[in-house]
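Let's take a walk through this fold together, one piece at a time. Keep the viewer open and follow along.

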Amino acid sequence: MSTENAQDSDNSTCPDTRSTHGYASTDVQQGTWIAEADHIVNTSLIQDVNSVLYVAQPSGDSRMFCAKRFADKVYEKLEAIISSMQQDDGAGAGAKRSCKDSSLNVESAQKKAKSVGGIVSASSLVLQDSEQTDMASHSPLIQWILVQSNLADSSTPESRVPDIHSGISAFVEFVGEALTEVAAEEAYGNNIRKLCAFQNVDTIATGPDNHRQIDIAQTTTANPVPSHKNAIIVSVKQFAHEQHKAYRYLVHRTRNLYATQPNRQFAWGLTVCGTIVRACLFVYDKVLSSKDINVSTHDGRSVFVKLLVSWSMCKNRQLGYDPTIRYNSDLDNWEIDVYDSETQMTRVYVCESIRCNPHSTFGRHTRCFVAYEKPADSMSANNEDMPKVLIKDAWAQTLGPDGHVCDEVAYLREIRNTLADDHTLDNMYPRLHAGGVVDDTTQYILMHIDTNTQAKVPARVHKRLVISPVGEPIHDLKSIDELIVVVGDVMAAHSAIVKRCGLLHRDLSDNNIMFCRDDDGVKGMLIDFDNACRVTDVQNMEQPGCVGTLPFMSIGNLEHSKVKRTVLDDWESLLYILCWIGTFNINQADQDCGAVRDLLIQKWQTGSAADVATLKRQYMHEISYFVEYILDHIQKVQGYEELLKLLLHLHASLFNSHHVSPSARGCIIPRKFESYMVGIAQPEAPALSDTQFLDRDVDPAITDSFARRAEIAEALADELLEVTQKFRSEALDRIRNTK
């Protein structure tokens, strides 16, 4: 349910591209995608997987046979045209002539270009007037497959570089028209998608990465207009040696595809570098790329035609669309099926609004929909009166990074059943109504991929759940006092879930803390148990994994420390969340991007895990560093002084509690114990004897301060909870007094 930024990636080592509510500059945002895409191409691309092409093969023997026969006939028509062009005054003369004709035809057609929803249809660049010759109408295609193949490198004069985009468009349009003709000739009754191409800016493929875009749409008679909703993305470069750039741009644009299509499960794409085509399949952790398809050769053209025909005739599901999320034109909204594993029944919900979409190429691809259950008679009830729920849809890893089994649905069901009678916790955690596994896994998508490649793709399971209440993000809170109230509620629920359910959340972040508002005020809610784990399991792990959201991860998590993970890791994450909010403001009203852009705290989201851990050890070790590097940069806005006080108390209880011995304090070993900075109010610290320290019974051989605190985690967590509840009570009083 968390807005899907960095934490949705399941991979803390990827460059962090989380949008920090306007905190990053525009230049940073524009430059980040290149680094992210480069990282994916360098680490997550599997090349030369020819079985990728089988994923698009129409299912069912009859349809598969028809697709093969139709593709062969389309290919024969294509080769007949190419052959006639080559025979007309020789291949060289024909190619030269076609170059000349093309410039005239494109210029003429551009004047007649059809604008559809702001997108200029590429079909207008290749569809010619009926009186024009066949040679002229097919000239862009011939340029691409005959002339382009003779251009060796980027030193070729620009005047000799053919319009590769129009060539691809012409090829796609030809296959689409020829397939329609072949199907009509055989009286094929089943619906076939019509292939067409559409594109944007008119530049050449040697330009920068924001060059002209060309995509392939598969339209139907019901939806004849090409758009990005039914598109296969194409990334074009002029020469074969630019393959990496083509992959990079394809990755970037596919990322945006996931963000705009609620029913997108996986994605197809094409890279075109000169005459070399590669089909790419985007799954949740990898990009699988086919071998080279060289359209300047007979075999290459045959393979490309078969791929385009397969995309025209396969099921929607094979194109990456989720059949359990359907657009209902009568309701003008999406309908979503939710299978409940407890009752073994499927419920249908109507989406009222989309709360969040994925904004990453890889990861869980979490989507959240505000919805209501569809009544048996959809016209019998007023939608406004229907109870609203939140549907969370995500592709969870079957095993977490540390090997534990992930099952958010089971955890939420256990939390609901265990805490149902405690009404003091109502609306402080998500109440599960239905949930289970959608009939999809990465293995199902990749069933036609060779086993060696399948083994390289982490297994994921598609899960969908329905919860209430529908919360709001904490950045919509109106004041710091409201934030303090919400934090108190969230950590009260967190404590109850740890103690009574034995579950550790492990991914506290600003996106996983929500709130609800009613006449009585605000109430905080802890959400997103994707990374939760049983306390006993996580404490027995010999090498706990790196789990969480990078800026807010505990030092032990960041370092892959062998120190057992405890509830203190989640409390440490809370401290970092509040430091983050205090620095960048709870909302954008008083935010000054220029003033915070160069702060060291920014490195919490841009550095490596090891670098972030080193910085946090330094900042948190003692109060003087904490004040200098963090607290001095808290917003100087009325109300933030209360957050400052809370941060001081949380820091003291976490790292410098007077209830533990000096050897259990701080973040760096060996540590020289120092007093607080002069002028900074500190929590009262009564003197205790060695026999009164909470860690008095901890083995003296344990000298790591984190390890010593882990042994007394429950007692320290109680102290931290007491702090948040005290501040919550005071904040409530201030809110009531201002009414």
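Before starting, one bit of arithmetic: the expected span of a helix is 1.5 Å times one less than its number of residues. Also keep in mind that what you're looking at is a predicted model.

Try that rule on helix α10, residues 408-419. It has twelve residues and covers 16 Å between its first and last C-alpha atoms, close to the expected 16 Å. As for what's tucked away, the buried residues in α10 include E408, V409, Y411 and L412, and R413, I415, R416 and L419 are buried as well.

Now zoom out for a moment. The chain has 739 residues, and 58% of them are buried. Its secondary structure adds up to 23 helices and 22 strands. If you take the contacts with a separation of 6 or more, 71% of them come from residues 24 or more positions apart.

For a small example of a contact across the sequence, find S235 in strand β6, residues 231-237. Its relative accessibility is 0%, so S235 counts as buried. The C-alpha of V272 sits 6.1 Å from that of S235, although the two residues are 37 apart along the chain. Leaving out residues up to four places away in sequence, S235 touches A246, Y249 and L250, along with L270, T271 and V272.

Next, follow the strands β11, β12 and β13. Strand β11 (residues 325-328) pairs with β12 in the antiparallel sense, over four bridges, and N328 has N333 of β12 as its bridge partner. The two strands make a hairpin with four residues between them, and in the turn D332 has a positive phi of about 55 degrees. On to the next hairpin: β12 and strand β13 (residues 345-356) run antiparallel and are joined by six bridges. Here I336 is partnered with Y349 in β13. This hairpin also has four residues between its strands, with Q344 taking a positive phi near 60 degrees. Strand β12 itself, residues 333-340, is mostly covered, with seven of its eight residues buried.

Strand β15 (residues 389-397) takes this further. Nine of its nine residues are buried, so β15 is largely enclosed by the rest of the structure. In a regular strand, side chains alternate between the two faces of the sheet. So which residues of β15 are buried on one side, and which on the other? V389, I391, D393, W395 and Q397 are on one side, and L390, K392, A394 and A396 on the other. Both faces are covered. As for its pairing, β15 meets strand β14 (residues 367-373) over five antiparallel bridges, with A371 partnered to V389. It also runs antiparallel to strand β17 (residues 460-468), joined by eight bridges, and there W395 stands opposite H462.

Further along is an open sheet of three strands, in the order β18-β20-β21 with antiparallel pairing. The edge strands, each pairing on one side only, are β18 (472-473) and β21 (521-526). Two bridges join β18 to strand β20, residues 513-518, and E472 stands opposite F515 of β20. Helix α13 (residues 480-501) lies across β20 and β21, running at about 40 degrees to β21.

That helix turns up again at the last stop, helix α23. The rule from the start works here too: at 1.5 Å a residue, the 26 residues of α23 should span 38 Å, and its end C-alpha atoms are 38 Å apart, which agrees. Among the buried residues of α23 are A713, L716, L720, V723, F727 and I735. What covers the buried residues of α23 includes α13, α16 (567-584), α21 and α22 (705-711).

How does α21 pack with α23, and at what angle? Helix α21 (residues 640-655) and α23 (residues 713-738) pack at about 170 degrees, with their axes 9 Å apart. Angles over 145 degrees count as roughly antiparallel, and α21 and α23 are therefore roughly antiparallel to each other. On the α21 side the contact is made by E642, K645, L646, H649, L650, S653 and L654, and on the α23 side by L716, E719, L720, V723, T724, F727 and R734. By type, the residues of this contact divide into seven nonpolar, three polar and four charged.

Methods: Residues are numbered from 1 along each chain as its sequence is written. This is a predicted model: local features need pLDDT of at least 70, side-chain atom pairs count only at pLDDT 80 or more; totals for chains, interfaces and linings use all residues. Side-chain values use heavy atoms; hydrogens and water are left out. Buried means under 20% relative accessible area, exposed over 50%, partly exposed in between (1.4 Å probe, protein chains only). Two strands pair if DSSP finds at least two bridges between them. Axes are lines fitted to C-alpha atoms, for helices over the stretch in contact, and angles run from 0 to 180 degrees between N-to-C directions. Angles under 35 degrees count as roughly parallel, over 145 as roughly antiparallel, 65 to 115 as roughly perpendicular and the rest as oblique. Contact means heavy atoms within 4.5 Å. Ala, Val, Leu, Ile, Met, Phe, Trp, Tyr, Cys and Pro count as nonpolar, Asp, Glu, Lys and Arg as charged, and the others, Gly among them, as polar.
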